Structures are given as structure tokens and as C-alpha cells.
Amino acid sequence: MQKVRKAIIPAAGLGTRFLPATKAMPKEMLPIIDKPTIQYIVEEAVESGIEDIIIVTGKGKRAIEDHFDHAFELEQRLYEKGKHELLNAVQKTSKVDIHYIRQKEPKGLGHAIWCARRFIGDEPFAVLLGDDIVSAQTPCLEQMIQQFQQLDSPIIGVQPVAEEETSRYGIIDPGEQLGRLFSVRGMVEKPPFGHAPSNLAIMGRYILTPDIFPYLEMQEMGAGGEVQLTDAIQKLNELRQVYAYHFEGVRYDVGEKLGFILTTLDFALQNHELRYPLLDALSNIMKREKSVNSMSLNG
């Protein structure tokens with residue numbers, strides 16, 4: 001069985017939900033406290049044993065490459081001023097072996113994965129989506145790699161969601177269950193409300209095999225007029241068994257505004273320097289809001 005050494009991180013999206021902030025800045029560079037969202041994804045990959053990462057970018061994404069490159073003048077200044085903790089944080093991002101390729105047309109996630117096919121070759125590989133940050137004792141991707149080593153079959157990371165949210169995700173139709181592992185009978189991308197086969201949603205982590213590429217090569221348009229990775233996995237599942245793994249950990253959705261704000265608050269509350277000042281500030285905000293609401297009700 002081949003080791004999972006390579007990972008694809010798609011980062012070519014336009015980030016329209018965060019306009020105008022993302023007009024000139026990649027959505028993936030929006031920070032959670034003091035770290036860009038894409039750095040959390042890269043760190044998870046590295047901590048899971050990934051050796052080579054390819055980031056699929058698009059126009060206006062040069063800041064991602066700059067972030068993971070050396071910044072000699074900045075590093076020298078931090079060294080001279082004795083700011084070693086900050087220096088280590090800055091240098092950490094430049095120690096990862098990252099490659100880049102451009103998705104020249106916005107044809108969707110499936111097309112973005114297909115763009116990296118020559119980098120992958122004939123090896124199994126991971127896919128990590130930047131809208132999903134997972135906080136877990138064992139990195140989410142490492143959990144899935146452990147499952148792949150047992151099964152030697154494609155694996156999709158899933159977690160349950162509320163029924164009213166199923167129309168936002170790819171949803172699996174689960175078959176036989178063994179602990180946190182499910183065989184997959186089928187899957188559907190963003191089913192209409194009330195038509196989802198389960199509440200197990202695909203959550204931005206995949207271990208795939210190179211036999212997915214012929215299906216992506218067809219570039220058939222799916223939901224939203226885009227080449228959907230879910231559709232290609234569904235076709236692969238007709239040839240060989242695909243599995244879903246209910247991974248352990250807290251998943252944060254940073255792909256939409258409220259999720260991004262809640263993630264920032266949660267991460268700030270986990271920071272010992274920010275926790276109590278933030279709790280005080282939130283308490284004052286709640287008191288102010290209650291006062292405003294009370295005045296509104298009283299006319």
C-alpha cells in the first residue's frame with residue numbers, strides 16, 4: 001500500500017461572500033486572530049505527515065505564495081530586536097515544501113483537483129478545503145490517513161449537521177456502519193430541503209486515489225454549473241467502494257460570515273491573553289443590547 005504523501009489545497013475561489021474585503025486580498029488570507037485561515041489547513045496537513053503540498057490558486061492570489069515564502073528583511077529585523085517568539089512564528093510558515101498551480105478557469109472544485117493531476121501522479125492523495133478548520137487532539141487528516149491504511153480505499157470526512165442545513169452540503173447515503181466508519185451507497189451535492197439521504201455532510205477532508213482523475217477529466221457540469229468533486233466520487237463509488245469517516249474534533253466553518261465571526265470568537269476565548277478581556281467586552285455588549293431592546297419595547 002502506498003503512503004499518503006501529497007495533498008491538494010484548492011484556493012482559487014473568488015471569495016464573493018466576503019466582498020469587498022476579498023477584492024484585492026485572497027479569502028484564504030483572512031486571519032483568525034493573527035493567523036490566515038489557509039495556514040491552519042497547511043499546518044494540519046504537515047502535522048498529519050504530508051510531505052508535499054500543492055495549492056491550486058487563481059488570479060489575485062499571490063499573497064498566499066508570499067505568506068509561505070521567506071521574508072528576509074522582516075526576519076532580520078525581528079532577530080536584531082530580540083523578538084524570537086515572533087521570528088519563530090514567521091519562519092514556521094516558510095519551512096513547508098509547497099508548490100503552486102493556477103486554475104485558469106473558475107470551473108469548480110472538481111476542476112481544481114483535476115488541475116493538480118500531474119503533481120499527484122499515481123499516488124493516493126489528500127484534499128483539504130480551506131473553508132473548514134478542524135480542531136482535534138489527533139489532526140483530522142491524520143485520523144483519515146489511519147483509516148486509509150486499513151482500507152486502501154477512498155475516504156470522505158463527514159460530520160452530522162442539522163436537517164435544515166443539509167441543502168448546504170454534499171450529503172452521503174450511508175450503508176454499513178462500523179464505529180465511526182460507513183460504507184457509502186451514494187451521495188448528492190446540496191440536495192433540496194427534505195430530500196437528503198442522511199444528515200452526514202461532507203466536511204472538506206478527503207483521501208482519494210488517482211483513479212478519480214478520469215472522471216474529473218470528463219468535466220461534466222453539476223450543481224451550480226461547476227465540475228463537482230462529489231459527482232466524480234459518486235461515479236468512482238460505482239467501480240470501487242468509497243467510505244465515509246465521522247472524524248473526531250470540532251469543525252469550524254470559515255466560508256461564510258457568521259461562521260467566520262464565531263470561529264474568531266471561539267479561538268480568541270481559547271487564547272489566555274484574550275479570553276478574559278474578551279469575556280468582559282462581550283458582557284458589556286450584551287448589557288448594551290439588552291438596554292437597547294428594552295428601550296425599543298417600551299417605545
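Which helices and strands do the buried residues of helix H9 pack against? Let's start there. One caution before the answer: this is a predicted model.

Find helix H9, residues 229-239. Its buried residues are Leu229, Thr230, Ala232, Ile233, Leu236 and Asn237. They cover an arc of only 160° around the axis, which puts them on the same side of H9. Now the answer. The buried residues of H9 pack against two helices, H5 (109-115) and H8 (213-217), and against strands E8 (155-160), E10 (181-189) and E11 (200-208).

Next, the nonpolar cores. The largest one has 42 residues. Which of its members touch the most other members? They are Ile38, Ile50, Ile55 and Ile207. Several elements each supply at least two residues of this core. On the helix side, these are H1 (37-47), H7 (140-151) and H10 (257-269). On the strand side, they are E1 (6-10), E4 (52-57), E6 (125-128), E7 (132-135) and E11. There is also a second, separate core. That one has 32 residues, including Ile120, Leu129, Val158 and Val242.

Let's zoom in on isoleucine 38. Leave out residues up to four places away in sequence. Isoleucine 38 then touches Ile9, Ala11, Glu28, Met29, Ile55, Ile64 and Phe68. Ile55 is a name you have heard already: Ile38 and Ile55 are both among the residues that touch the most other members of the largest core.

Now a polar spot. Lysine 35 sits in strand E3, residues 35-36. Which side chain does the side chain of lysine 35 meet in a polar contact? It is the side chain of glutamate 43, at 3.0 Å. Setting aside neighbours within four places in sequence, lysine 35 is in contact with Leu30, Tyr40 and Glu43.

Keep Tyr40 in mind, and turn to the aromatic rings. How many aromatic pairs are there? The count comes to 4. Take tyrosine 40 and phenylalanine 267. Their ring centres are 5.4 Å apart and their planes stand at 80°, so this pair is edge-to-face. Tyrosine 40 lies in helix H1 and phenylalanine 267 in helix H10, so the pair ties together parts that are 227 residues apart in sequence. Are these two residues buried or exposed? Tyrosine 40 is buried, at 16% relative accessibility. Phenylalanine 267 is buried too, at 16%.

Phenylalanine 267 also pairs with tyrosine 252. That pair is edge-to-face as well, with 5.0 Å centre to centre and 80° between the planes. Tyrosine 252 is in strand E13, residues 250-253, and phenylalanine 267 is in helix H10, 15 residues apart. Tyrosine 252 is buried, with a relative accessible area of 8%. Put the three together: Tyr40, Tyr252 and Phe267 form one aromatic cluster.

Stay in helix H10 for a moment. Leucine 262 is there as well. Leucine 262 is partly exposed, with a relative accessible area of 46%. Its C-alpha atom is separated by 8.4 Å from that of tyrosine 252, and the two residues are 10 apart along the chain.

On to the cysteines. A disulfide is a covalent bond between the sulfur atoms of two cysteines. How many disulfides does a search of the whole structure find? It finds 0. Two cysteines to look up are 115 and 140. Cysteine 115 is buried, with a relative accessible area of 12%. Cysteine 140 is buried at 1%.

Last topic: the backbone. Most residues other than glycine have a negative phi, and most peptide bonds are trans. Here are some exceptions. Which peptide bond is cis, with omega near 5°? It is the one from leucine 19 to proline 20. Proline 20 belongs to the loop between E1 and strand E2 (31-32).

Then phi. Aspartate 152 is not a glycine, yet its phi is positive, about 55°. You will find aspartate 152 in the loop between H7 and E8. Aspartate 152 is partly exposed, with a relative accessible area of 37%. Lysine 190 also has a positive phi, near 50°. Its place is the loop between E10 and E11. Lysine 190 counts as partly exposed, at 46% relative accessibility.

That's the tour. Questions, please.

Conventions: Residues are numbered from 1 along each chain as its sequence is written. This is a predicted model: local features need pLDDT of at least 70, side-chain atom pairs count only at pLDDT 80 or more; totals for chains, interfaces and linings use all residues. Side-chain values use heavy atoms; hydrogens and water are left out. Buried means under 20% relative accessible area, exposed over 50%, partly exposed in between (1.4 Å probe, protein chains only). Helices (H or I, at least four residues) and strands (E, at least two) are DSSP runs, numbered from the N terminus. The arc is that of the directions from the helix axis to the C-beta atoms. Contact means heavy atoms within 4.5 Å. A polar contact is a pair of N or O atoms within 3.5 Å; within protein, one must be able to donate a hydrogen and the other to accept it, and residues adjacent in sequence count only if both atoms are side-chain atoms. A nonpolar core is a set of buried Ala, Val, Leu, Ile, Met, Phe, Trp, Tyr and Cys residues joined through side-chain atoms within 4.5 Å. A disulfide is a pair of cysteine sulfur atoms within 2.5 Å. Rings of Phe, Tyr and Trp (its six-membered ring) pair if their centres lie within 6.5 Å; planes under 30 degrees apart count as stacked, over 60 as edge-to-face and the rest as tilted.
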